[in-house]
Amino acid sequence: TAGWIAAFILQDSARAKKLDAKFTVIESSKVPTVGVGEATTAAFRVLLKYFGIDEFEFFRKTEASFKLGIRHQDWRRKGYTYYGPIDDPHQVVARPPGAPSDYLNVYSVAAGRPVQEMHLFQPLLEQHKAPYARKADGSLIPLGPFHHAFHFDQALVGRFFASKSKDVEIVDALVSGIERDPVTGDISALVLDTGEKLKADFFVDATGFRKQIIVKELNAPWISYAHELPVNRALPFWLPIEEGEEIANYTRAWAQEAGWMWMIPTQTRYGCGYVYSDEFRTPEEAKREIEGVLGREIEVRSDIRFSIGRLETPWMHNCLAVGLSSSFLEPLESTSIHGTIVQMMLFARLFLKAPGEMTDGDRADYNRRVGRQVDDFRTFVNTHYMTERDDTPFWREVRANRIHPETKERLARWRKEMPRREHFPDYLEGLPHIETQLYYPVLNGLGLLDREVARREMERDPKLRRFAQETVDSLVREYRAAANQALGHAEFLKIVREMG
């Protein structure tokens, strides 16, 4: 998926910049995919629309389903569930002159109301509905202006992008080595397992956990997040979706005794996995635990071990690493594909030039920006572990010793003032990033926001407080009414399949 996203974005930018460029994707049919489901952020839908890809065709060809948010179960404490809807009501409400950012969130916290309440996606999440209604003539109409995200089988998405590619040569081979310029150290050619050599000016490493070029050949240094993100192993499996069963429109992140379990719906099955720390569970124990939770046997598809962290220099010489070759965090907030999209758009916008025009300064600038992006991902995911749970050795260890200093610094600041967008400097040229729109539901759901701090901020401007109350009340009424018109998720997917 990462490789094809890179090819699409870079080829489009090369055309726009009138660069004389030819693109080749090396994709081996020998490399299997686990296919246990992947979730995106709304940035993926923006990408589809930019390239004019019909969304309904995408649903049909990739067995995709909607992702409107995340259901966080048993994180704060056992028996407690909260949602993280991905739409942002602030996008559609005018901010009064002089009003601070996120004033609607601040009002909700001050009033003791869930911040999720004013989101269109919240009632849809609760009712397993699609963000579409059906008109009298049978056509489908979106319920609001917000971008949704998707769940899908990543193997099908790779094939879908390949079918949409234009003027991209596809080579079915594995990379077995490289040749380098003896003076500059740049890569001059890839050596393929067929014995052929593929010469090029610039290379993108999208070989996943293997990091075939960037680490094995170029020895790029790795920065580990293993201390603050302690899960390091995954036990993937599938669960069927029964005939007539409603399909969830959220990623389920269900905290367990030594980590958490994901459940990602496609149209035919749930791709699932237990992400756990092998410091506290063996694979056999993890399997037994999940079978006990689910009340059924599971067939484990693989045993995935991973190193959580990022490359210090994802762009080295004339090679750029993307996707899992560049970084990996536990898949709690769908940061992988999102990160790839943003990184490629950033690279295409600022740094894609004729090979001789790319400089050491360009590489340093890109690596600094992307490093900060992934560090922000780390801090956001780490914040999820600021829980009340102390019922197992894993949760006691996480609470006591695995909270990153930056997480603590941000939470200390937000005990004195409510989170604001200006607390997140823009180093990604305005491209989408994890900021308050995703932080507020998590902070609110974990009980990490101080109602008294929010009250004091709202008391400074009674007129703004009244406006915020009226606005939130209006949004809640409007969105609850819209949800009543929405199609069920499974019904929507059936209609779209029949269109094809």
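This note goes through the fold, the enclosed spaces and the annotated residues of a predicted model.

1. **Overall build.** The protein chain has 15 helices and 23 strands. Its C-alpha atoms fill a box of roughly 70 × 50 × 50 Å along the principal axes. For 500 residues, a compact globule would have a radius of gyration near 23 Å, and the chain has 23 Å, so the two agree.

2. **Burial and contacts.** Buried residues account for 57% of the 500 residues. Take the contacts between residues at least 6 apart in sequence. Of these, 75% join residues at least 24 apart.

3. **Cavities.** How many cavities of 30 Å³ or more are there? The count comes to two. The largest holds about 90 Å³ of space, and the second largest about 40 Å³.

4. **Lining of the largest cavity.** The lining consists of Gly323, Ser326, Ser327, Phe328, Leu329, Thr335, Ser336, Gly339, Thr340, Gln343 and Phe377. Two elements give two or more residues each: strand S23 (327-328) and helix H8 (335-350). H8 gives the most, with five residues. By type, the lining splits into three nonpolar, eight polar and no charged residues.

5. **Ser327, a lining residue of that cavity.** Ser327 is one of the residues around the largest cavity. Its place is in strand S23. Ser327 is buried, because its relative accessible area is 13%, and the cut-off for buried is under 20%. Beyond its neighbours within four places in sequence, Ser327 is in contact with Trp222, Gly309, Arg310 and Val374.

6. **Second largest cavity.** Asp88, Pro89, His90, Asn105, His119, Gln437, Tyr440 and Pro441 line this space. Which helix gives the most to the lining? Helix H12 (residues 436-445) does, with three residues. The lining divides into three nonpolar, four polar and one charged residue.

7. **Second largest pocket.** This pocket has a volume of about 810 Å³. It is lined by 38 residues, and the closest to its centre are Ala42, Gln91, Pro432, His433 and Gln437. Gln437 also appears in the lining of the second largest cavity. Helix H2 (42-50), strand S4 (69-73), strand S5 (81-85), H8 and H12 each supply at least two lining residues. The lining holds 20 nonpolar, 11 polar and seven charged residues.

8. **Glu333.** The unreviewed UniProt entry gives the annotation "binding site" to Glu333. Where is Glu333 found? Glu333 is in the loop between S23 and H8. Is Glu333 buried or exposed? Glu333 counts as buried, because its relative accessibility is 9%. Leaving out residues up to four places away in sequence, Glu333 touches Thr41, Ile70, His72, Phe380, His384 and Val442.

9. **Val175, Leu324 and Ile337.** The unreviewed UniProt entry also lists these three under "binding site". Why do they not all gather at one spot? They span 163 residues in sequence, and the farthest two C-alpha atoms are 22.9 Å apart, so they do not all gather at one spot. Two of the listed residues, Val175 and Ile337, are taken up below.

10. **Val175.** Val175 has its place in strand S10 (residues 175-180). Val175 is buried, since its relative accessible area is 18% and buried means under 20%. Which residues does Val175 touch, not counting those up to four places away in sequence? They are Ile26, Leu190, Val191, Leu192 and Gln212.

11. **Ile337.** Ile337 lies in helix H8. H8 is also the element that gives the most to the lining of the largest cavity. Ile337 is buried, with a relative accessible area of 6%. Ile337 touches Thr1, Ile5, Glu38, Thr40, Phe44 and Phe152, not counting residues up to four places away in sequence.

12. **Where H8 recurs.** Helix H8 links several of the points above. H8 supplies five residues to the lining of the largest cavity. H8 also supplies at least two to the lining of the second largest pocket. Ile337, from the UniProt list, lies in H8. Glu333 is in the loop between S23 and H8.

Key
Residues are numbered from 1 along each chain as its sequence is written. This is a predicted model: local features need pLDDT of at least 70, side-chain atom pairs count only at pLDDT 80 or more; totals for chains, interfaces and linings use all residues. Side-chain values use heavy atoms; hydrogens and water are left out. On a 1 Å grid over the protein atoms alone, a cavity is a set of points where a 1.4 Å probe fits but cannot get out, and a pocket is an open set with protein on both sides within 12 Å along at least five of seven lines; lining residues have an atom within 4 Å of a point. Grid points are joined across faces, edges and corners, and a volume is the space filled by probe spheres set on the points. Helices (H or I, at least four residues) and strands (E, at least two) are DSSP runs, numbered from the N terminus. Ala, Val, Leu, Ile, Met, Phe, Trp, Tyr, Cys and Pro count as nonpolar, Asp, Glu, Lys and Arg as charged, and the others, Gly among them, as polar. UniProt positions are given in the numbering used here, feature names are shortened, and annotations may be inferred rather than shown by experiment. Buried means under 20% relative accessible area, exposed over 50%, partly exposed in between (1.4 Å probe, protein chains only). Contact means heavy atoms within 4.5 Å. The radius of gyration is taken over C-alpha atoms; the globule rule is 2.2 Å times the number of residues to the power 0.38.
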